[in-house]
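Welcome! Please take a moment to look over the model below before reading on.

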Amino acid sequence: MTAPLTAGSRSAAPGGHSATPGDPRGPRQATPGDPPGPRQPGAPRVLQALAAVRDPELDEPITSLGFVASCTLSADGEASIRLRLPTYFCAPNFAFLMVADAYDAVSALAGVRRTEVVLEDHFASAAINGGVAARAGFARSFDGEAVGELHQLRADFLRKAVMAGTDQVCRPLLAAGTEPPALRAMTLGDVPGSRALDRLRQRRAELGLPAGDDAPLLIDPATGAPVRDDAVPLHLRRARTTRISIEANSGICRGMLRHRYDTAGLGEEDQ
Amino acid sequence: MYEKDGEKYFVVDSHMHYWNAAPDNWVPGAEQYAKGWIECFHAYQGLGPPATHWTIEHFQKYSEDDLMKDVFEDGHVDVAVFQPTYLKEWYKEGFNTTERNAEMGKKHPGRFIYNTRWDPRDGDEGIEVLRRNVERYGSKGVKLYSAEWNSGSRGWKLTDPAAYRYLEVCQELGIKNIHVHKGPTIWPLDKDAFDVSDVDHAATDFQDLNFIVEHVGLPRIEDFCFMATQERNVYAGLAVVIGGLMHARPRFFAKVMGELLFWVGEDKMTFGSDYAIWEPKWQVEGFVDWEMPDVEEFSDYPRLNAAGKKKILGLNAAKLYDIDVPAEYQLGAGQGTPAAQDDAQLVAGA
């Protein structure tokens with residue numbers, strides 16, 4: 001028996017689209033005799049695992065973006081996840097990464113025996129879903145259309161995330177009166193703790209860049225080298241532009257998704 | 001033309017369409033792509049004010065009368081530039097071809113500029129078609145959609161040798177304006193399809209051509225800005241920036257405008273409604289009313305005054321396309337030169 005967590009009605013969730021794991025908003029159909037979905041052991045765990053999967057371009061969890069249409073975990077350990085994206089033509093390489101990452105995150109859970117991830121309503125659904133299920137990798141899934149895997153692409157976007165994160169961390173410091181040259185002398189350990197700082201450290205660590213307390217705050221995300229004195233203003237400027245670009249895209253994607261589907265995704269959060 | 005608070009705006013819609021995406025035009029076997037494409041466009045329309053939303057049926061196929069009313073009668077536009085998008089693998093007669101645009105436009109002399117297009121994968125035959133189109137329609141610009149599918153290929157780059165050959169032919173034929181639109185599927189698929197570095201190379205190698213990057217390189221606004229600031233002949237096409245953000249995400253709209261004003265500058269930004277995705281009326285009126293928010297978060301962005309808005313809404317594109325602008329709509333002394341390239345390289349070392 002399977003108790004699904006399904007997407008909630010948008011109209012039933014005025015004032016926001018937040019649905020926390022295990023507490024989906026909106027009306028749901030329950031068959032008499034079924035245990036209530038939210039308390040079904042397993043599905044909230046699956047959703048929690050999916051919350052660690054990010055859209056590499058937008059650098060946000062697929063859950064908060066509203067990309068998780070449903071997820072279920074049956075009593076005998078079969079996990080089934082349905083994902084959805086803002087458009088039929090979203091870039092297939094990023095779509096593949098999200099489906100593959102979702103597969104890896106869920107199949108690593110204790111007690112999950114089999115995982116199925118289905119991307120719905122996308123021009124490359126068949127290639128992506130089949131490729132991920134067969135663990136074929138990107139190049140084999142898109143035979144003849146790709147020459148390599150997606151590691152480089154992922155790293156390029158992590159570097160953008162590091163730049164955007166640099167703005168998130170530095171902006172409050174600048175607003176509080178720290179001068180740009182002083183930022184150059186600071187280490188990560190000098191910065192007051194915040195979610196933005198944790199996130200920046202995590203992204204840097206993923207790229208193999210220095211992320212400890214003694215690491216400089218301002219580094220070139222391609223090389224890890226500290227930013228030169230005379231390059232600080234331009235570095236900060238680029239960091240800000242990168243952040244705005246990502247956030248503006250995220251805004252457009254959310255708007256498109258909302259037009260496309262009238263139900264909120266599991267864990268979807270308005271921004 | 002549009003007048004507000006004593007200021008007169010000459011409006012050039014430098015990016016708009018007359019398409020047929022109704023089921024009668026879908027290629028058998030490719031229906032899902034034809035349907036997916038127009039539904040994607042329709043979702044973009046959802047980012048505009050609710051009162052301007054259309055039904056999907058109307059959106060798939062609108063009439064000539066609809067266009068004339070929405071764009072010129074109600075929309076304040078003086079001259080509109082048709083940007084074709086062929087997509088013949090999905091739409092039998094093409095989505096929005098040069099021929100279809102010209103057929104309609106010839107009934108309304110002086111209103112339209114007919115851009116054409118090319119695809120480097122079409123080889124010698126494509127070059128002949130390009131020559132014919134320039135001869136027949138007087139095209140001074142082309143719209144390039146690099147993610148178009150063509151005989152099993154998922155796209156191309158401006159730096160492909162075959163594309164350089166077409167750019168050389170453009171120069172020879174007197175085409176000045178190259179509108180570049182990036183899409184999600186470029187071979188090889190493992191690379192970032194939205195990367196604009198090929199525009200950078202082509203703009204450096206073809207100094208006599210103007211490269212108008214449509215949708216300001218969305219979703220790679222940052223890469224576009226860092227590139228455009230170094231190239232004197234690269235412009236920012238605002239289609240989607242105004243339509244997709246000004247109503248739906250006004251704070252991000254202000255920030256994106258601030259970034260573009262900083263890196264690219266008001267002389268090199270051109271308005272495009274992207275009709276029929278969005279009607280021009282609310283975009284023109286809203287943009288004239290728009291001001292950079294007067295709060296700390298936006299304090300270090302350049303401001304945009306009426307003269308700057310005149311350039312963006314029409315005078316820059318009028319300059320690129322040699323459109324005569326009546327004296328009363330031109331800038332006064334000391335208000336700058338539309339489409340000026342010498343203000344480029346705003347940010348050294350970017």
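The report that follows walks through the domains of one chain, the contact between two chains, and two helices.

## A predicted model with two domains in chain A

Keep in mind from the start that this is a predicted model. In chain A, the domain assignment gives domain 1 as residues 5-149 + 252-264, and domain 2 as residues 151-249.

Where do the two domains meet? Nine residues of domain 1 of chain A are in contact with nine residues of domain 2 of chain A. On the domain 1 side, the elements giving two or more residues are α2 (92-107) and α8 (232-260) of chain A. That side of domain 1 of chain A is made up of five nonpolar residues, one polar residue and three charged residues.

## Where chain A touches chain B

Now for the meeting of the two chains. Chain A brings 35 residues to the contact, and chain B brings 36 residues.

On the chain A side, four elements each give two or more residues: α2, α4 (137-141), α5 (151-175) and α8 of chain A. Which of these gives the most? That is α8(A), with 15 residues. By type, the residues on the side of chain A that touches chain B divide into 18 nonpolar, ten polar and seven charged.

## Helix α12 of chain B

Let us turn to α12 of chain B, which runs over residues 306-320 and has 15 residues. From its first C-alpha to its last, α12(B) reaches 20 Å, close to the 21 Å expected at 1.5 Å a residue. You can also find a kink of about 55° in α12(B), centred on Ile312(B). Just after the helix, Asp322(B) takes a positive phi of about 50°.

Is this helix mostly covered or mostly open? α12(B) is mostly covered, with twelve of its 15 residues buried. Ile312(B), at the centre of the kink, is one of the buried residues. Others among them are the lysines Lys309(B), Lys310(B) and Lys311(B), as well as Leu313(B), Leu315(B) and Leu320(B). The cover over the buried residues of α12(B) includes the strands β2 (7-9), β3 (12-16), β7 (177-181), β8 (210-213) and β10 (269-270) of chain B, along with the helix α11 (280-289) of chain B.

## Helix α7 of chain B

One more helix is worth a look: α7 of chain B, residues 197-205. Its buried residues are Val199(B), Asp200(B), Ala202(B) and Ala203(B).

What covers them? The cover of the buried residues of α7(B) includes α6 (161-173), β7, β8, α8 (221-228) and β9 (234-237) of chain B. The strands β7 and β8 of chain B also appear in the cover of α12(B).

Technical notes. Residues are numbered from 1 along each chain as its sequence is written. Chains are lettered from A and ligands numbered from 1 in the order in which they are written. This is a predicted model: local features need pLDDT of at least 70, side-chain atom pairs count only at pLDDT 80 or more; totals for chains, interfaces and linings use all residues. Domain bounds come from an automatic or database domain assignment. Two residues are in contact if their C-beta atoms, placed from the backbone, lie within 7 Å. Ala, Val, Leu, Ile, Met, Phe, Trp, Tyr, Cys and Pro count as nonpolar, Asp, Glu, Lys and Arg as charged, and the others, Gly among them, as polar. The expected span of a helix is 1.5 Å times one less than its number of residues. The bend at a residue is the angle between axes fitted to the seven residues ending there and the seven starting there. A residue is buried if 20 or more other C-beta atoms lie within 10 Å of its own, exposed if 12 or fewer, and partly exposed in between; C-beta atoms are placed from the backbone.
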